[in-house]
Amino acid sequence: MITPNREDLDEYSHHNILVIEGCSTEEEILEKAVVEKAKGHICTMDSEVDNIVTVLTARNLNDKIYIISNSISKSGAEKLMKVGANKTLSSVEISGKRMAALMIKPNIISFLDVFTRVGDVLIVLGREDPVEKLRHLGDEIK
C-alpha cells in the first residue's frame, strides 16, 4: 500500500501489510513498491488526474501488470483506459446502482449482503461464525 498519510503507516503495518509512505504518482515510489515485478495494481486516489498519472507511470514500469483504477467521470474512465488501465470502476456509479437495487428489491440485496459466492468460494459477509460452520452452511446452499 502506498499512502502519503503517516497515520496509515502504523495502522496497516500492524496487519502485516507492506506500507510505503509517499505518492504513487511518483515513479521512484512505485519503484520502491517493486511495481515492475507486480502482477496487479489497484489505484484508488481521490483525484482523477492522480489516478491517470499513477496508471501511466505503473504501465511504463511494467507492461504486463493488471491495473484496476477508480474513475470519477466517464471521460476519466476513457482516459484511464487509454493510458493503460485494464479496468476502471466508478465507486459513485457502483453505489448509485446498489442504492437503486436496494430500493427496487430490498429483500434480495439484503440476502446478498449475507451470502456472496465468488466461483466455488462462499463468502459470508458480516458474520463471525467458525470456519467449520461456514463450510457446513456452504454445503447446504450449493
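Biologist: Quick one to start: how many salt bridges does the structure hold?
Modeller: There are 2 salt bridges. Keep in mind that this is a predicted model.

Biologist: Okay, which residue forms a salt bridge with Arg6?
Modeller: That's Glu21. The closest N and O atoms of Arg6 and Glu21 are 3.0 Å apart.

Biologist: And where do Arg6 and Glu21 sit in the chain?
Modeller: Arg6 is in helix 1, residues 6–13, while Glu21 is in strand 2, residues 20–21. They're 15 residues apart, and the pair links distant parts of the chain.

Biologist: Is Arg6 buried or exposed?
Modeller: Arg6 counts as exposed, at 51% relative accessibility. Its partner Glu21 is partly exposed, with a relative accessible area of 35%.

Biologist: What about Glu93, which residue does that one form a salt bridge with?
Modeller: Lys97, and here the closest N and O atoms are 3.0 Å apart. Glu93 and Lys97 both lie in helix 5, residues 91–104. They're 4 residues apart, which is about one turn of the helix. As for accessibility, Glu93 is partly exposed at 44%, and Lys97 is exposed at 57%.

Biologist: Switching topic: how many disulfides does a search of the whole structure find?
Modeller: It finds 0.

Biologist: Hmm, why is there no bond between the sulfurs of Cys43 and Cys23?
Modeller: Because they're too far apart: the closest cysteine sulfur to that of Cys43 is in Cys23, 9.4 Å away. To count as a disulfide, the two sulfurs would have to be within 2.5 Å.

Biologist: And is Cys43 buried or exposed?
Modeller: Cys43 is buried, with a relative accessible area of 2%. Cys23, on the other hand, is partly exposed at 22%.

Biologist: Now the sheet. What's the order of its strands?
Modeller: The order is 3-4-5, in an open sheet of 3 strands with parallel pairing. At the edges you have strand 3, residues 40–43, and strand 5, residues 87–89, and each of those pairs on one side only. On average, neighbouring strands are turned by 15° against each other, ignoring direction.

Biologist: How many bridges do strand 3 and strand 4 pair over?
Modeller: They pair over 4 bridges, in the parallel sense, and strand 4 covers residues 66–70. If you want a spot to look at, Ile42 stands opposite Ile68 in strand 4.

Biologist: Last one: which strands does helix 3 touch?
Modeller: Helix 3, residues 48–61, packs on the sheet and touches strand 3 and strand 4. The direction of helix 3 makes about 175° with that of strand 4.

Note on methods. Residues numbered from 1 in each chain as written. Predicted model: local features only at pLDDT ≥ 70, side-chain atom pairs only at ≥ 80, totals over all residues. Heavy atoms only, no water. Pairing = 2+ DSSP bridges. Helix = DSSP H or I, 4+ residues; strand = E, 2+ residues; numbered from the N terminus. Axes fitted to C-alpha atoms, helices over the stretch in contact; angles between N-to-C directions. Contact = heavy atoms within 4.5 Å. Buried < 20%, exposed > 50% of the residue type's maximum accessible area, 1.4 Å probe, protein only. Salt bridge = Lys/Arg side-chain N within 4 Å of Asp/Glu carboxyl O.
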